[in-house]
Amino acid sequence: MKRHWLIGILAILMSLLAACTNETSSIGIGLIDPLGTDFTDTVTVSAYSFLEDTINTTNTSANLVGDIHDPIFGNVTASTYAQFSLSGSAVNFGASPVIDSVVLTLQLASYYGDTSSAVGIRVYQLSEPLDANTNYYNNSTVAHDATPLNYSLTGYSIQPSTHVIVDTGDYSPHLRIRLSQEFGQYLLNNQDQMTSNSTFKNFFKGLCITAENHTGSNGYILLTNMTSSLTGIILYYHNENSGTTKYTFSCASDCRRFTNYNHDYNASSDQSFIQEVLQGDRTIGNTKLFVQATGGVKTHISFPYLKDAFKSIGNRVVINRAELVITDIDPHEIYLVHPANLTLQGILANGSFTYLPDDEYYTSSSYFGGTYDATRHEYRFRITRYVQELVQGTGSLTESVNLVVRGASVRANRLVFGGTGLDNDQRLRLELSYTTY
């Protein structure tokens, strides 16, 4: 009897262990099976390109000067308006100073276009002051004299990577524009207006440095560093008691400056650009889209049905990764090259702009993206948090963003990229990896 009793107990224990094993397995299956990672790149995306309104160009890190022709975006002329200040507090040109020469120097930070072209860079004296309390924009202008200060009306071909030898000194690349003798003597003759920077700026209001024409097919735009020690107005002069010496008026950090961009889009020969950007035909965005720096063009991108796509499951979805993909469809352009970086503007319900929750302002540039991939000829933005908030309806941003060139006030690049209706990998698309539960 004891033996049968023990066998019965063992049988019961084995049944219980089997039941526990089956229950554990069932619980595991119940948790895992409904949760799967899905992928789609067919979310509806609509887009169109349009003209930028205005951008602030006041006291930016670089100022642009030049004239360029783009067969797609037309012509753009960049002009810099700048104040200059005294070097030190005491100005003494000596007795009866006489000008030998006067030169405007501009340190070159970078360039855009074909620097073998000759561009007619012109320098004018401002007739109105720059206001220290005023913000200036890409379409702002300040009145200047009608006659240029240039010693000769020549064109300048630039060697932006070549050091410049001056007075046996070796200097970083910069442009040297000789100005008229009359202008140099005018400055020497008004030493009494140089007792302080405020007095000097009231007397000499500054310069407009612009470009009026170019040779060659493209032309160029220069990025200049106005606050560099290599930028300034240099007077070479002598007086009764000494040989030639020099004095420099610099564009210091307390000097107001801004860049004006003048666009002539009627010079475009691209019919798609004309129809979409100038005439407002939004159907062109199915095949071709555009962005341009210099206060030029940006692209409006919308995801109109994104939230509805998950409504049937009550928004029970986790967005694991969301990437917006922009593909350069003209990657082999020699002179009119693509921007190094793009960025996205979030749009609030009142129409104002702000950062996306994924923007590098909150995360990092490596997370957010927007840098050109030279192998794939594309840009990718990670916008996972933004898409999650759209799907759940928890954010304050609308279902649209604007695509712009990062640093558009100090860049001259542009991009032509694939539209939303292409049937290849150049299509503007949103790639989603998500989990439903």
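Two strands pair if DSSP finds at least two bridges between them. Helices (H or I, at least four residues) and strands (E, at least two) are DSSP runs, numbered from the N terminus. The views show a predicted model, in which local features need pLDDT of at least 70 and side-chain atom pairs pLDDT 80 or more, while totals for chains, interfaces and linings use all residues. Residues are numbered from 1 along each chain as its sequence is written, and side-chain values use heavy atoms, with hydrogens and water left out.

**View 1. The protein as a whole has six helices and 23 strands.** Of its 437 residues, 49% count as buried (under 20% relative accessible area with a 1.4 Å probe, protein chains only; exposed is over 50%, and partly exposed lies in between). Contacts (heavy atoms within 4.5 Å) often link distant parts of the chain: among those with a separation of 6 or more, 82% are between residues 24 or more positions apart.

**View 2. Strand S5, residues 98–113, pairs with strand S12, residues 232–239, in the antiparallel sense.** Seven bridges hold this pairing of S5 and S12. Strand S9, residues 174–179, is also joined to S5, here by six bridges and again running antiparallel. Val102 of S5 takes part on both sides: Leu235 of S12 stands opposite Val102, and so does Leu179 of S9. A further antiparallel partner of S5 is strand S11, residues 219–225, with six bridges between them. In that pairing, Tyr111 stands opposite Leu222 of S11.

**View 3. Helix H2, residues 181–188, has four named buried positions: Phe183, Gly184, Leu187 and Leu188.** Viewed along the axis of H2, these buried residues fall within an arc of 140°, so they line one face of the helix (the arc is that of the directions from the helix axis to the C-beta atoms). In an α-helix there are 3.6 residues a turn, so residues three or four places apart point the same way. The cover over the buried residues of H2 includes three strands already shown or named, S5, S9 and S12. The cover over H2 also includes strand S6 (119–125), helix H3 (197–203) and strand S13 (242–250).

**View 4. Strand S21 (397–405) is largely enclosed by the rest of the structure, because seven of its nine residues are buried.** Two antiparallel neighbours of S21 appear in this view. Strand S16 (297–302) pairs with S21 over four bridges, and Thr299 has Leu403 of S21 as its bridge partner. Strand S18 (342–348) is joined to S21 by six bridges, and the bridge partner of Gln345 in S21 is Asn402.

**View 5. Ile301 lies in strand S16.** Because its relative accessibility is 0%, Ile301 counts as buried. Leaving out residues up to four places away in sequence, Ile301 touches Glu399, Ser400, Val401 and Leu403, among others. Further residues that Ile301 touches include Val45, Ser46 and Ala47, as well as Leu324 and Leu428. The C-alpha atoms of Ile301 and Gly285 are separated by 9.9 Å, and these two residues are 16 residues apart along the chain.

**View 6. The largest pocket is lined by 26 residues.** A pocket is an open set of points on a 1 Å grid over the protein atoms alone where a 1.4 Å probe fits, with protein on both sides within 12 Å along at least five of seven lines; lining residues have an atom within 4 Å of a point. Those that lie nearest the centre of the pocket are Thr343, Gln345, Val404, Val405 and Gly407. Gln345 is thus seen again, having been shown as the bridge partner of Asn402. S16, S18 and S21 are among the strands that each supply at least two residues of the lining, as are strand S2 (46–51) and strand S19 (353–354). S18 gives the most to the lining, with three residues.

**View 7. Ser96 and His377 lie in two separate loops.** The loop that holds Ser96 is between strand S4 (74–82) and S5. Phi of Ser96 is near 50°, a positive value in a residue other than glycine. Ser96 counts as partly exposed, because its relative accessibility is 47%. His377 is in the loop between helix H5 (365–368) and strand S20 (378–382). Phi of His377 is near 55°, likewise positive in a residue other than glycine. With a relative accessible area of 25%, His377 is partly exposed.
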